[in-house]
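Welcome! Here are a few short exercises, each with a worked solution to follow at your own pace.

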Amino acid sequence: MLRATRLGRGPHKPLAILRHMGPLCAVRAQLQCFQHSCAEKRGSCARHPLWTGPVSSLGGTRQSPINIQWRDSVYDPQLTPLRVSYDATSCRYLWNTGYFFQVEFDDSSEESGISGGPLGNHYRLKQFHFHWGAANAWGSEHVVDGHAYPAELHLVHWNPVKYENYKEAAVGEDGLAVIGVFLKLGARHETLQRLVDLLPDVKHKDTQVTVGPFDPSELLPACRDYWTYPGSLTTPPLAESVTWIIQKMPIEVAPSQLAAFRTLLFSGRGEEEEAMVDNYRPLQPLLDREVRASFQATRVGTSARVGRTE
Ligand SMILES: [Zn+2]
């Protein structure tokens, strides 16, 4: 509970409430975060292994994550379906980074990647990871109309046409393309369960386990409608290098699967145990960016508010 108190995510959940009150409040919370020593005020900021100094993005104009306002997003008929092709055999290992768990892929060939949609060329899959909350009422980085999901999957790809490797691409213009997928509570997700079964092996920071062949396209929703906008990494160095592709439809996971995420630890072996929860960045201001949609927000689509659990 010490950690929950420090984070402000105890019974009163002030940040979660802020996130539901709309972007202005969220922006204010984020600014306070930067103005008052991020490392002291925000556990999620302090926690990341790379959050060591002043946040370098002050003055940034395209930071992530954001609140996606369904009605303000602009349908763009030029946005073609995203083409996704992953080679399951390029999956290498799953590890506890000290901030979340991440699955790494061999990115030495063009085998695994995405193209089409808002992208000018093919992008290679490098890794995927999740962000989640201490409870089911929050945890996603992006929110839709102020609604947070319990978790969010990020599939991270880099641009091999403009850059030699992931490291260069991560801080370069048009360097990365990240697919975001919301997780909502529902039926057990059998593909995700393969990863959940491995989590006891990576309970502590800097531990890893071999995954075997794994096709992450099985973690994508059946409907591939998406929003896209220019943004940034949500962990240091917060580089404004990301074309975000946020799936409209969430995937369903069982409560027990999210509970398994929370059994991981931020801490390493021999350190005081701290549950790995609330590993997401606060909302950032949209400023003058436009969120484009690959789909028309029809009356049916709008009223359905797919995946909302309110
Ligand atoms: Zn992420």
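Two residues are in contact if their C-beta atoms, placed from the backbone, lie within 7 Å. Keep in mind that this model is predicted.

**Exercise 1.** Find which residues have the most contacts inside the largest nonpolar core, and list the partners of Val178.

*Solution.* Start with the core itself: it has 66 residues, and Val178 and Ile245 have the most contacts inside it. Next, see where the core comes from: strand β10 (residues 176-185) gives the largest share, 7 residues. Finally, set aside the neighbours of Val178 within four places in sequence; its contacts are then His154, Leu155, Val156, Val242, Trp244 and Ile245. As background, nonpolar side chains in soluble globular proteins tend to be buried together.

**Exercise 2.** Locate the cis peptide bond from Ser64 to Pro65 and the one that joins Pro236 and Pro237.

*Solution.* Between Ser64 and Pro65, omega is near 5 degrees. Pro65 sits in the loop between α5 (43-47) and β1 (67-68). Between Pro236 and Pro237, omega is about 10 degrees, and Pro237 belongs to the loop between β12 (226-231) and β13 (242-247).

**Exercise 3.** Decide whether Asp145 is buried, partly exposed or exposed, and do likewise for Asp206.

*Solution.* Begin with the backbone: neither is a glycine, yet phi is positive, about 50 degrees at Asp145 and about 70 degrees at Asp206. Asp145 lies in the loop between β8 (143-144) and β9 (151-158), while Asp206 is in the loop between α7 (190-196) and β11 (208-210). Now count: Asp145 has 16 other C-beta atoms within 10 Å, so it is partly exposed. Asp206 has 12, and 12 or fewer means exposed.

Key:
Residues numbered from 1 in each chain as written. Predicted model: local features only at pLDDT ≥ 70, side-chain atom pairs only at ≥ 80, totals over all residues. Core = buried A, V, L, I, M, F, W, Y, C linked by C-beta atoms within 7 Å. Buried ≥ 20, exposed ≤ 12 C-beta atoms within 10 Å, placed from the backbone. Helix = DSSP H or I, 4+ residues; strand = E, 2+ residues; numbered from the N terminus.
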